[in-house]
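Subject: Structure handover

Hi,

Here is the structure I said I would pass on. Please open it and keep it beside you while you read my notes.

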Amino acid sequence: MTQTIAPTQSANYVGTSQRKHNGDKFLRGEMIYIDDVRIPGMHFAGIVRSPHPHARIKSVDLSKASNAEGVVFVLSGEDAAKYTDPIPHFISPEAFGGKTTDVRCLAVDKVVYVGEPVAAVVAQTRQDAEAAVELVEVEYEVLPFVIDGEESLKPEAPRIYEHWDDNKVISIPFISGDTEAVFAEAEHILEDELKIQRYSTQPIEPRGYVAVYDVREGSYTFHGACQNPHPLRWVLAHTLRVSENDVRVIAPTVGGAFGLKMHGHPEEPLICILSKLSGKPVKWIEDRTETMLVGAREQMHRFKVSFTSAGKITALKDHFIANVGALGAPPGWGMVFLSGLAFPTGYKIGATDVLATVVATNKSPWNAARGYGKEATALVMERIIDLVARELQMDPLEVRRVNLIEAHEFPYKTAGGLNIDSGDYHAALDKAVTMIGLPALRAEQEELRKENRYLGIGFAFELTPESGDIPGTLVGGFDTSTVKMDPSGKVTVLTGVTTPGGGNDTSILQIVADQVGIEMSDARIIQGDTLLTPYGFGNYSGRSMVTGGNAAYLAAKDIRAKLLVIASRLLEIDESDIDLRGGWARSLSDPSKAIKISEIAYTVYTLAFATATGVEPPLESTRVYQPDNIQHTPDAEGKINIYPTYSNAVHVAVVEVDAETGHVKVRRFGTVHDAGTIINPRFVEGQMEGATTMGIGAALMEHSIHDPATGHLSTNRFKTYLMPRASDVPMFESVHQITPSPYTALGTKGAGEAGVGGAQAAVSNAVHDALAPLGITIRQMPLNPQNVLHAITTQRTGQQA
């Protein structure tokens, strides 16, 4: 059984840029996305949507649609309510002391935003369904509406929900110290404001669902482009009035998510009930106009800061309003909570008074969006830093150095109660300066100004709490993975985390392959099926490696321990002398002693009462990973910590602004990023580059605009909702800084949510740096040509006057 010739040693996988698992199938177009799902007898759904932002439903006439070609079933909101309950909120504001409302799959009495589902049809083809939608006649009593967040708070504003006393969903304070006392003795005080626009995520693949009702079993199989299969199963069961084990959720390959595909959408239970009532498998794929309805992030910040002549910020006050549109069941409104909680990011500010106010309007609801509110905090804080620097005529880098948490101070408790695990922010800042070649850029900037050309360099620090756990909700900070090795030595990994395409499946396989000593090609992974995978919370909050990866690591270690015991018996050497790698167990001291791991596995299964006695078969382990540092018990100040890890980054943007057109060109962009232990550098860089592109888009062009006269979304397609193209972004420069988290098994911190806010802030600061000779401050995002040119024109007009 012992081999006399040792195999070639293979390198460890963790820390190396392995190619994407199944990458060849992606390139060949062989992966199955939701629109590729075909069920025998499948029909198609069409949805009637409200043309009004606010109206009562007087009547719904389905007769013409029901007689249309190919139509087999029609459904009104009144009839849907007979078979379904309201959709449970992903995160209910009521649980935090706020207001709530019922959200149904089809509106019953009233619509509160343009695009709200009112009725549905099922037809043989998608074309038949879309044609029948046009035949549904709905009589509305049009009501006054409000789409501006501040206007909605006024006493005379139209009431979105009659059972509320106003349109405020909730106000959440985040207070530490006595800001008013500090302001009273301050050397310097600065007050300003910043309006962050509503913008979206827009993955390549829109949402889509296929539902199959089994009348014999009374059960549902739901295929969905979704991020959280197990929690979605719970929501569907409660809405559809069935047991949770009567619902199976399957997530096929997902073409991007970014929070958009977190559950709570009315179409999820709607497609299920259409399948049950029509007796047909039913598919629905949204079009881009429907995808555009989902927004996020619209906030108005008014802030006040005090600081010393040395640039030390002593107090911060920011009372901001977030317009979340109509209150939906997805977790969009929770972004506002995180915007407030994340202040003051990685800066040491003794006194803070942050008040986050969530308001409802007649815009369509938010869903989660990458960054989950923390991107707004980064933008506001980094603009504050640069404004303080301008007020004092200091280098913005020095203001950052004065205020950033120092490496020896970790773990560091923030004003909001977050316990930041680790980092070296000053070192990251220094690396960013070196990477970008700052002295040479400053010299170029001075030369270009002589030619009336405006070059700007902007820095931004970004702190990103990741892998959150919100008590009392199905936003879990732990996850589960199973690792199984069969008698031939092949491995299957099943995990509760899902992938929207970012590569966490590959990284998990890297971890497992290293632990059990096999080639990655001998392992496969299964995700996104509630019948097959252990319970998990899916994909959000940069949690895949922190929870799913570490759970797989623990499970693989269990199998490794068994393999070592049997290998030591077969090779007649001590376990400490064995290296598992590349499909072999070999002696470290005598390379001639080696045996295939497949032979060890076969021994466990076939000689359980002989050579493998005392080693419990099979080679299978399921482990749950709960990271340290999450604290749900309130401390002395009543604060909790819902995040175990905190990635950080320093971003630097170099832009050129055309003062005649207002156009901004991003010439260079660099990032120094700390995600803790890196499993696959290629995927971490890919995540950061994708998020950076989103941040550049948010800074310069993306904006969901509603017509104030009609409440309709004007930017409802890619011709009007502008997103960055390849030509709009430079080749990215990046440096990894690794400070492992002391609170996770592998030292991972997460890398999925970082980048948007840091990039947005760096570009904004660069634009302001470019226009510094003109003394311009732009208080309305995005920094598109209209807003930039308006600021320049206004400033020049004022100077002439």
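Pro411 sits in the loop between helix H12 (396–403) and strand S16 (412–413). The bond that leads into Pro411 deserves a look: a cis peptide bond joins Phe410 and Pro411. Its omega is about -5°. Please bear in mind that this is a predicted model.

There is another cis bond to find. Where is Pro344? Pro344 is in the loop between helix H10 (334–341) and strand S15 (351–359). The peptide bond from Phe343 to Pro344 is cis, and omega is near -5°. For background, most peptide bonds are trans, and most residues other than glycine have a negative phi.

**Positive phi angles**

That brings us to Tyr372. This residue is not a glycine, yet its phi is positive, near 45°. Tyr372 lies in the loop between S15 and H11. Is Tyr372 buried or exposed? Its relative accessibility is 10%, so Tyr372 counts as buried. The cut-off for buried is under 20%.

Now compare Glu572. It is not a glycine either, and its phi is positive, about 55°. Look for Glu572 in the loop between helix H16 (544–571) and strand S22 (578–581). Glu572 is exposed, with a relative accessible area of 70%.

**Helix H11**

Helix H11 covers residues 374–392. How far apart should the ends of its 19 residues be? At 1.5 Å a residue, H11 should span 27 Å. The expected span is 1.5 Å times one less than the number of residues. The end C-alpha atoms of H11 are 27 Å apart, so the model agrees with the expected span.

H11 is also well covered. Of its 19 residues, 17 are buried, so H11 is largely enclosed by the rest of the structure. Just after H11 comes Gln393, with a positive phi near 55°.

**Strands and their partners**

Strands of a sheet pair through backbone hydrogen bonds, either parallel or antiparallel. You can find both kinds here.

Begin with S10 (residues 219–224). Strand S9 (residues 208–214) and S10 run antiparallel and are joined by 6 bridges. In that pairing, Ala211 has Phe222 in S10 as its bridge partner. The hairpin of S9 and S10 has 4 residues between the strands. In this hairpin, Gly218 takes a positive phi near 65°.

S10 also pairs with strand S11 (residues 247–250), in the parallel sense and over 4 bridges. There, Tyr220 has Val247 in S11 as its bridge partner. How many residues of S10 are buried? The count is 5 of the 6, so S10 is largely enclosed by the rest of the structure.

Next, go to S2 (residues 55–61). S2 pairs with strand S4 (residues 110–111) in the antiparallel sense over 2 bridges. Ala55 has Val111 in S4 as its bridge partner. S2 also runs antiparallel to strand S6 (residues 137–142), with 6 bridges joining them. In S6, Glu137 stands opposite Asp61.

**An open sheet**

One open sheet has 4 strands in the order S21-S20-S19-S25, and its pairing is mixed. Which strands stand at the edges? They are S21 (523–527) and S25 (620–625). Each has a single partner strand, so one side of each is left without a neighbour in the sheet. Neighbouring strands of this sheet are turned by 15° against each other on average, direction ignored.

Within this sheet, S19 (residues 479–485) and S20 (residues 491–495) pair in the antiparallel sense over 5 bridges. Val483 stands opposite Val493 in S20.

**Cavities**

Last, the empty space. Rolling a probe the size of a water molecule over the atoms shows where empty space is left. The structure holds 10 cavities of 30 Å³ or more. The largest cavity has a volume of about 100 Å³.

Which residues line the largest cavity? They are Asp148, Gly149, Glu150, Lys195, Glu298, Gln299, Met300, Ile321 and Asn323. By class, the lining has 2 nonpolar, 3 polar and 4 charged residues. Helix H5 (149–152), strand S13 (299–307) and strand S14 (313–323) each supply at least two residues of this lining.

Best wishes

Methods:
Residues are numbered from 1 along each chain as its sequence is written. This is a predicted model: local features need pLDDT of at least 70, side-chain atom pairs count only at pLDDT 80 or more; totals for chains, interfaces and linings use all residues. Side-chain values use heavy atoms; hydrogens and water are left out. On a 1 Å grid over the protein atoms alone, a cavity is a set of points where a 1.4 Å probe fits but cannot get out, and a pocket is an open set with protein on both sides within 12 Å along at least five of seven lines; lining residues have an atom within 4 Å of a point. Grid points are joined across faces, edges and corners, and a volume is the space filled by probe spheres set on the points. Ala, Val, Leu, Ile, Met, Phe, Trp, Tyr, Cys and Pro count as nonpolar, Asp, Glu, Lys and Arg as charged, and the others, Gly among them, as polar. Buried means under 20% relative accessible area, exposed over 50%, partly exposed in between (1.4 Å probe, protein chains only). Two strands pair if DSSP finds at least two bridges between them. Axes are lines fitted to C-alpha atoms, for helices over the stretch in contact, and angles run from 0 to 180 degrees between N-to-C directions.
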